[in-house]
Every structure is written in structure tokens, then in C-alpha cells.
Amino acid sequence: MQPFHPQLHSPSIRPATPDSPSFEKESHFGPDLSARQARELAQGVVREYEVKRDKLDNAIKSSEYLVADVRNFNANQWAIRYPHLRTVDEAGPPLRMLSSTIIPIPSDPTAHRPGMARRTLTFADEPAEVTDVVLNSSSTVRQGLKRSLTVAPPPSTSPATISAPNNPPLVDVENDEEDFSILRLDLNLGATRQAQTLINQLEKASISALLDTRLAAALDHLQLLQKRVNDPQSRVLITGDLNAGKSTLVNALLRRNEVMPTDQQPLTTRFVEVVSARENGDKEEIHMLAANVKYDPANESTYSVEDINRLEELVTDLDADASSPPLRVFLKEADSQITNPSILHNGVIDISLIDAPGLNRDSVKTTANFARQEEIDVVVFVVSAANHFTLSAKEFIWQAGHEKAHLFIVVNRFDQIRDKERCRRLVLEQIKQLSPSTFEDAADLVHFVDSAKVAFGCTGGNGDAEELDHAFEHLEHSLRSFVLVNRAKSKLGPAQNYVTHLLADVELLASANSLVAQKEREAAKAELERTRPILEKMQKGKDGFEESLVAEEETTTEQAISRTRKGMQRALERVSKGEMAAPAPGLEMPSYPGLLGVWDYAKEVRRVLLASLDFATTLSENDARRLTTEGVNRVAELGDTHLPKDVERSKRVFNSNAMFSARPVNRSRRQSGVGFIGLGLAAQTSLAEPDFMDILDLSHHLFVARAALPSSMSSSHELVPFAAEMSGLGAFSLGVGALSMVSGKSVGLRSVLEGAIHVTELASNPAVRKWIGPVLGVVTLGAVGWVILELPRSIPRNVGRHLQTTLTISSGVMDDSVNVPFVEAQAARVGKEVRKVMRLAAWELRERFKNAVDARGEVVRESEETEKRAVKALAWFTEVEKRVEVIRQEVAEVKV
Ligand SMILES: Nc1nc2c(ncn2[C@@H]2O[C@H](COP(=O)(O)OP(=O)(O)OP(=O)(O)O)[C@@H](O)[C@H]2O)c(=O)[nH]1
């Protein structure tokens, strides 16, 4: 079945006005009125209708803009949430859900105020989030259908908390006045509750998309209603039992006896709308509507044109039925219309007649649905006077009667009834049962007629012809008047009803979403109040934090360098004196083994001194470890000061033992089997191997001896590393000097020459020459003896001094290509390691700080956006509620 939705492309067809020439011939308002009075009355009715129509047209237009705006807002600005209201079980006190507990709401005066009801509000995408609201609703003619929500006031006293029962006694609102009607999201999956469960599982975006479809459909329907409201034509559906004379009645109303095919047997198989040919350029033809396409006379793809001569064939087509696409037939009025105008175009209003197939068990539902369409202004039910109301007829009247308050009932073939009064009484009694409102107005709504006489100009049966003529005229007048007077109700009523419900739905949506926006705004505000100061504090403290980190790194590193430097210098000084750099556990200076073991002794002394230096290095490293640990802790404290409380602190525990672990020297140390940790100096053969000078440092003694001579004679005094310990032993020095000249092996040429000069100078003196021989002999022996006796003490000193000399110009590390003094090399190495650790600790904290600032910045930015969006949405939804109110007033003013 396809409804008629003619597009209004034909401006030539205008509604008749009381000024039309044929108007005076009509007397729609009773026989007692003069034509002038009738015209004035009709004029009033028409004007009143037009005012109402224009108002409603405006309201529909405003609603269209409103719905389009809501769609737009939903698509681009704010995913509109779909509210779901629930009421509390009436059996117990009102309950409020709060997390897992249900709290009885103390008696609240608003709960009992008319139009105010406590409800729980959830949203389809977030069913667990429950808000107590007060629903302000009304459904009055004056105010229209109203629904808005406000957050329920908190309970005034603290009620006792009771544990949640297994099934919270919350009941879905299924009251039409409180639930959505036009914008209801129904998934057509069966029972409401099942559909609801399914909706609840959907996400916000899906629900908003579903809502968009609903809004789009509403928009389409509004456009349709607008056309319908402005459509000047009123549609009269003529239906009834099989063979009751419907087609004959149509012919009679058209004043044409041969148009719609009639027969003793049921003929009409499909719906046929008869329209004035004026709407089709005065051309008689048939438009056969295409299936499932909206009919548009201006668009030929929506119908096919058939010759008017095929009318009978098409109307009686046995392959068609009530569900086939209808025919639209354009017919010219009969020639007699000037004196006896047809109902189609009578000068006041335009009417089209729809001839329906006779009712039977199969077609009742289809026809009832057809009658229910908003395009149908009046339903004329034709019943055969002989048969009264059949079961199908009763069923139809029950179904259609609910939608259309008033039914026109034509009791046809009344001419064939002999006892007319009895028939009239019986029929009216039946009507009283079936449609009380029709019965109440029976004088105008129930007509006993003989259509055949009007259609064919003949009388059947034994009726009173004149009386039946009047009866038919009365039927025509009543029908015209009814259509005219009830046009507002039939045409404007459905549109008004639709707009009213749509507005209430939009208002409920806006109101619920206002609450959401309010909540979001508050949440965003609270978040901003919490996060903004933290962020500002962090941003303000950023430079100070950075400076502190740098300072911490510098201080700790510098401290470590300076302490290492001092420690190493001290160690080296001790070594230079032949003492251990630091008292290392298990390490002792070797005991002197005698003259024969002097080489091994020197070697062992060297090893022990080097090992003690290694140990001293380790002590410096340990010191640096301690300093670094303190530095790392201070960095962590800086974190505590500058990072917000909720930022997770580093869980890494600083392990100072991991410092100084990757030294290539370790390899050789392991290979050498030397037990000490540290640099592994003792393991380096270049340092560990003694030389002859360690045992007898002749040049040193020579230098010491020279230091004892007058300073003018010594040009290399400054080369002596230490103050000479033996300055009083000049003579021995001389001897040693001579010896060193003789040995020559490791004595420099310069020293030899200097020695030679000294001896020559002495020998040239004749006095000296006398005693020099024996003295020299004694001295030499003494010197040699002294040197031998001094070996246990002089070897460590020599070794230490040599080590010091070596380490003063090199780092001592085997493969060190750069000649950096040992002390500086150690200070730099330790400093580098300390700086590495401090820099890592600072970097980690800096990252944490930066991430925390970024995260808070993001939260602030998001919250600001959310707040802005929520404020905008709130203003927007409030504006929507205002717009709804304005339109509602406009609609309420249209009294139909
Ligand atoms: N005497 C008399 N005969 C009538 C009257 N109305 C219709 N008829 C006859 O009754 C028969 C059936 O009339 P139709 O108009 O075809 O009936 P219908 O209700 O359209 O039949 P369907 O094809 O079932 O729709 C025809 O032969 C008509 O001439 C009437 O008021 N008086």
C-alpha cells in the first residue's frame, strides 16, 4: 500500500474561497441560514483556518530549523547523549542509587507537586552513571507537552544506608508522557526491555549516529507535514463492505453515472483516488503509481500514465489487491456542475475521493492502515442497509475509529428497505456501540441514502424518492461542511500533534544534555582548579630547578675532583718517601733480605708501593662513590621539592658499586693475578720492573752532594727534587761523585765532567796532593760501606722517588697515549665518572619533570577545551529549550 503524497506543484489549483461564484449555491451551515449569512460564516471558517494553518506552518518551519540545528550540533559539536529515565518502585519509599548502595530519599515536597516527579537518569552509553533528577512535565492543551529535567536536590537529612538488594527496584518509565515518542531509539528487536539492553551496550558515537537517523527522519516528516498542511485538498476515503455501493456512491458524488465501474458482484480490487482534472491541466487520465516510490505529479518516474478508457480494466484488475499501488484518476466534473456542483471542486474546498476495495478478512487491516494515514481527512464508511454491519465492518470501525474520532457512515441502498424506521433504529443502535462520537452527531454523520438514484437517476425498491433525494443532498452538504469545519482538525491536528511530541522530545534531549554539560563543566572546572596551580608552580620553578640540577652536578663533580687530587698528591708524596701510599690491609713493606737479595728487594718494594698506590686510588674512588651517592640523593630531594605529589618517583636505586667498573686495565690486572683493586699499577711491567738506579741512585747522591757545595758551583741545584738529607756529608758525596764518574753506566756525561773538574781542581793543589791518596781511599771505603748499610732505607726511597718522577709526568697507565700527570689523570677520571652519574640522575629527573609539565599542560588544555565546549553546549541547549518554548506557544495557539 502506498500513500498519496502529491507534491504541490500546481499553483493553479487554489483552495476555493467564499468569494468563489459557486459558493452561494452551497448551504453548509443549515437550511435556516440565508446564503449571505452562510457565506459570511464560511468566510470566517476559512479565514480562521488560514490563520491557524499559517501559524502551524510557521511552527513547522521553526521546528525544521530547530531539528536541523540539533542534527548539526550532534554531528559537529557535541555527541548528544540519549537519556533514559527510570522511576522507583511504587511499593517502597523512593530509592536513590549511590554506587553500590541504595539510599531512601527523604520526603521531598517537590516529589508530590503536580507535574514534578523524581526520576533516575542514566544515559544509554553509560548506564552505570545514575543521577537523581526531577522531571517537570505537563500535558495540557494550554501548555502543550512539556518535559524538562533538573538535578534533584540532595536529601535534607542523612538517611540510614541500607545495602543494595539484588534487584534494585527501579522501573523503566513507559509512560508516553515521559518517554520519547518521535525520537525514541527503537532497534526493532522485540520487547522494549531487550532493545533497551542492546542500546545500553552501544557506544556514545553509535547512539549519536542512531539519533541522527531519527532526527533526519523527523526532518523528512516535518517537510511532509508542511506540504500536507499547505495542501488545499482534502481527502475523503470511501470504504465499506463488499458490494455495499461504494463505487456507486463515488459516482453519485461526482454526478457521473459511468465513471467508477459497478456491478452486482465485488469489482474494485485496489485503491483509486479520484481528483479533479483541473489538477492535471483539465486532462482526464490515470496515473498508475509506482511501487515504493513517493508520488510526485511533476516527476513521471514516480508513476505511469494510462488512458482513462482503461479505468474499468485497471480498477477491476484481478491481479491487483488492496496492497497494490493506488491509481490516481483525473476526472472532469459533470456538465451539470454549474447547477449541481460535484464534490471535487465545488468552489469552497477541493476534495478528492478515494474508492477503496470492499472489506474482507484480508483487506481490513490494509484499509484500516490506509485510513489511518494523515492524508486522509474524512473516512466515509458505506454499509448496505440490508446487511447492517458485518464482522469486517465492525473490526474496521474499531481500528480506524480510534484514529479518526469522527466517521461518516452512509447507509446505502436504503431505497430497498421496506421498514425504514426499524432499519434506521437498528443501525443507529449498532453505531452507538461501535463509534459513540459518531452516534452523538448522527444527524450530520449518519446518512441513509440511495446512491444509485443519484448516480443513475433511477430508484430501486420501494423508497420514497423525494425523501431520498433530500437525504443525499443532506449527505453532500454535511460532507462538505464537515470537511470545511473539520479541516483544521483533520489537516492541522496530526501536524500539531507530531510537532508537539517532537518538541517535547527535543526538550527532553536538550534538558538531559544540559545536565551532562553542567556536569562536564563542573568536572572540568574542578580539574582546572586542581591542575592549573600545580602546572603554574612547576613552570615558575622550572628555571630554579634546572639551575639546582646543574649546580648539584657541578658541585659534586668538583668536590670529587678536588678530593681525589688531594688524596693522590698525598699518596704520591708518601710513595716518594718510600712509604706506602695508604695503609692497605694485607700489604706490608718487604723486609730487607741482605745484600745478595737486593735486586729482589727493590722489585718487591716497587710492587708494594705501586699496590699501595692502587689501594689509594681505590680509596679515592670509594670517596667519590660516597660523594656521588650524596649527590644523587640530593637530586632526588630536588625531585621531591619540584615534582607534584602524584608524579611517580623513580624506582631506580643508585648502586655506587657500579661506578668505575669498566676499566680496560682490569683485564691486565686479572691476567697478572695481582690481588689489588684500583688502577692495577702494580700489574704494569713498565712500572713494576726495578732498575739499577732503584738500588744505587748515584746521580741522586751526586746531586745531593752538589747541593751541599757552594751554590755558585752548582748550576743544577734546582733539579734536585728534595732537600738533601745528607748535606753534612760533603766528603762522602765527593767519593760518591768519584764513584759515579767511574761507574758511568747510568751517569750523565754532564755529571761525569762535573765530577772530573772537582777532582782535577783538588788534585792540582800540592798540599792536598800529599794526603789525598789515603784520604780518598778511606773516604771511598767509608762511602761504600755507608751506601751498603743504607740500602734497606735508601732502596724504598729511591724506588718511591723514581715512581714519583715517573708519575709526575705520566698517568702511569700502560696504554695511555697522553702524558698527563698521574694525579691529574686520576682526578679527571674520577670527575668524569662522577659527572656521568650525576648527569644521568639529573637527566632522568629532568625528563620526569618535563613529562609531568607536559602531562599537566595536556590536562589543563583538555580541561579548558572541555569546559569551553560544555559552556557552549550548555548555552546552546538552554537556547534550544527557549526555542522549543517559543514554538510550543505558537503551536498551542493553534486550536484545532
Ligand atoms: N438499489 C440500489 N442499488 C444500489 C445502490 N448502491 C449500489 N447499488 C447497486 O449495488 C451493486 C454494487 O454496487 P457497487 O457500487 O459496485 O458496490 P461496491 O461497494 O463498489 O462494490 P465493490 O466492488 O465490492 O467495491 C451495483 O449493482 C449497484 O448498482 C443503491 O443505493 N440502491
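**Exercise 1. How many residues of helix H5 (residues 246–254) are buried, and what encloses the helix?**

Start with the ground rules. The model is predicted: local features need pLDDT of at least 70, side-chain atom pairs count only at pLDDT 80 or more, and totals for chains, interfaces and linings use all residues. Residues are numbered from 1 along each chain as its sequence is written.

Step 1. Fix the terms. Helices (H or I, at least four residues) and strands (E, at least two) are DSSP runs, numbered from the N terminus. A residue is buried if 20 or more other C-beta atoms lie within 10 Å of its own, exposed if 12 or fewer, and partly exposed in between; the C-beta atoms are placed from the backbone.

Step 2. List the buried residues of H5. They are Lys246, Ser247, Thr248, Leu249, Val250, Asn251, Ala252, Leu253 and Leu254.

Step 3. Conclude. In H5, 9 of the 9 residues are buried, so the rest of the structure largely encloses this helix.

Step 4. Look just past the end. Right after H5, Arg255 takes a positive phi of about 60°.

**Exercise 2. Put H5 in context: state how many helices and strands the protein chain has, and what share of it is buried.**

Step 1. Count the elements. The protein chain has 22 helices and 17 strands.

Step 2. Take the buried share. Of its 896 residues, 40% count as buried.

Step 3. Add the contacts. Two residues are in contact if their C-beta atoms, placed from the backbone, lie within 7 Å. Take the contacts in the protein chain with a separation of 6 or more: residues 24 or more positions apart account for 78% of them.

**Exercise 3. Give the strand order of the open sheet of 9 strands and find its edges.**

Step 1. Read the order. It is E12-E11-E13-E10-E14-E9-E15-E16-E17, with mixed pairing. Two strands pair if DSSP finds at least two bridges between them.

Step 2. Find the edges. Strand E12 (303–306) and strand E17 (446–448) each have a single partner strand, so one side of each has no neighbour in the sheet.

Step 3. Add the twist. Neighbouring strands of this sheet are turned by 25° against each other on average, direction ignored.

Step 4. Check one pair. Strand E15 (residues 376–384) and strand E16 (residues 408–412) run parallel over 5 bridges. Phe381 stands opposite Ile409 in E16.

**Exercise 4. Describe the cover and the partners of strands E13 and E14.**

Step 1. Recall the pattern. In a regular strand the side chains alternate between the two faces of the sheet.

Step 2. Apply it to strand E13 (residues 327–331). Here 5 of its 5 residues are buried. Leu327, Val329 and Leu331 lie on one side, Arg328 and Phe330 on the other.

Step 3. Name the partners of E13. Strand E10 (residues 272–276) joins E13 by 5 bridges and runs parallel to it. Val272 has Leu327 as its bridge partner. Strand E11 (residues 285–289) joins E13 by 4 bridges and runs antiparallel. Ile286 is paired with Val329 there.

Step 4. Repeat for strand E14 (residues 350–355). Here 6 of its 6 residues are buried. Asp350, Ser352 and Ile354 point one way; Ile351, Leu353 and Asp355 point the other way.

Step 5. Name the partners of E14. Strand E9 (residues 233–240) pairs with E14 in the parallel sense over 6 bridges. Leu237 has Ile354 as its bridge partner. E10 pairs with E14 in the antiparallel sense over 3 bridges. Val274 stands opposite Leu353.

**Exercise 5. At what angle does helix H14 (residues 598–642) cross helix H21 (residues 766–809), and at what angle does it cross helix H22 (residues 822–893)?**

Step 1. Fix the axes. They are lines fitted to C-alpha atoms, for helices over the stretch in contact, and angles run from 0 to 180 degrees between N-to-C directions. Angles under 35 degrees count as roughly parallel, over 145 as roughly antiparallel, 65 to 115 as roughly perpendicular and the rest as oblique.

Step 2. Take H21. The axes of H14 and H21 come within 9 Å and cross at roughly 45°. The two helices are therefore oblique to each other.

Step 3. Take H22. The axes of H14 and H22 come within 10 Å and cross at roughly 15°. These helices are therefore roughly parallel to each other.
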